[in-house]
Amino acid sequence: TGVLTGPLGAPVKTMLAGAELAFADFNAQGGVGGRNVRVVSLDDELKPDRAVANYQKLLTESKAFAFFGCVGSGTTAAASKILKDSGAPMVGGFAVADSAREKTRGSAYYVRATSGREAEALVQHLTTIGITKIAVAHLDNPGGVEVLKLIETALATHKLKALAADSVKGDASNAEAVAKTLTAVQPQAILMYLGGALGGNLMKAVWALGGRPSFYGLSIVPGELIAKVVGEQARGLAISQVTPFPWNEVDPVTKEYRKRAEAAKVPVGYYSFEGYLNALVMIDALKRAGRDATRERLHGALRATKMRIAGMDIDFTTGQHTGSRFVELVQVTH
């Protein structure tokens, strides 16, 4: 269950399409002892009550064995009791803030690094290159507010504070007002936690006001989409990515992913690659749980997961609910 419509739904559908590449290959090879993996997706529009209803519907009507790639902080937190009571593991949650992850401890296995880890990496980079005047733009939802606090915590470790912070609505209707608020404090850099095209809308609004800061985004910011929105000026944006470079020419897993994506006409990029890698983690655990797996056996297989794929270390054996600390900064090009 996740947001599958509107501007925030596009990257989620791309992520799921990437996962389907791995699941389709797994099924073609016989699945789990002849049992195929089938992914059923329902739209919850990022509304917690809808998400809870979807979790229940997937468990009862679709007889879901486990959950995969579920989306959002408020929605995931709201479903934490259902996950615990059902015993169904959830793997590869997408855009789930750190506090929601904590609420699902014991039920969910997050592959991507935490937002706190991304915030630390971005602030560390900015201070290293001498940038200390920083403003923040975040999504107008609970996850966005939480990431703002994580960024503020990361800044505080360097004895810094955000010069200004503001939230952007999902329809970008207040992008110009946010741009005015942030531009007024003359930041050297604006940190963004904005999905869909929102980052591009904000960048254009800032430039229209004469502002010329550097822009940095957490991994929720889709670089490929921003490049389409702002064109050549996208070169002014750097993003903290939580999966390895999808265009790597050496790594065999990455090359195989690209070959499958191109054949299936799935966009090659960070979102589909993340889905593909998340699916490989799920497949690895399903294989070890075996044909007659129970949910408890799948939990056991996931807790024993320690692997390296595409140059990314994933380890759940320490008892943590997040398997990776991988973060690297990537410059967007048009």
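## Where β4 meets β6

In this predicted model, strand β4, covering residues 134-139, lines up with β6 in the parallel sense, and five bridges link the two. Want a spot to find on screen? Look for Ile 134, whose bridge partner in β6 is Ala 189.

## On to β7

Strand β6 also pairs with β7, which spans residues 214-217; these two run parallel and share four bridges. Ala 189 turns up here too: its bridge partner in β7 is Ser 214. To get from β6 to β7, the chain passes through helix α9 (residues 198-208), making a β-α-β crossover that is right-handed.

## A closer look at β6

How many of the five residues in β6 are buried? Five of the five, so to speak a full house: β6 takes in residues 189-193 and is mostly covered, where buried means under 20% relative accessible area.

Now check which way the side chains go. Ala 189, Leu 191 and Tyr 193 point one way from β6, while Ile 190 and Met 192 point the other way. That fits a simple rule: in a regular strand, side chains alternate between the two faces of the sheet. Whichever way they point, these residues of β6 are all buried.

## A three-strand sheet

There's also an open sheet made of three strands, in the order β1-β2-β3, with parallel pairing. Its edge strands are β1 (67-68) and β3 (108-109), each pairing on one side only.

Zoom in on β1 and you'll see two bridges tying it to β2 (residues 90-91), again in the parallel sense. Which residue in β2 is the bridge partner of Phe 68? That's Val 91.

How values were computed:
Residues are numbered from 1 along each chain as its sequence is written. This is a predicted model: local features need pLDDT of at least 70, side-chain atom pairs count only at pLDDT 80 or more; totals for chains, interfaces and linings use all residues. Side-chain values use heavy atoms; hydrogens and water are left out. Buried means under 20% relative accessible area, exposed over 50%, partly exposed in between (1.4 Å probe, protein chains only). Two strands pair if DSSP finds at least two bridges between them. A crossover is right-handed if, with the strands pointing away from the viewer, the path from the first strand over the helix to the second runs clockwise.
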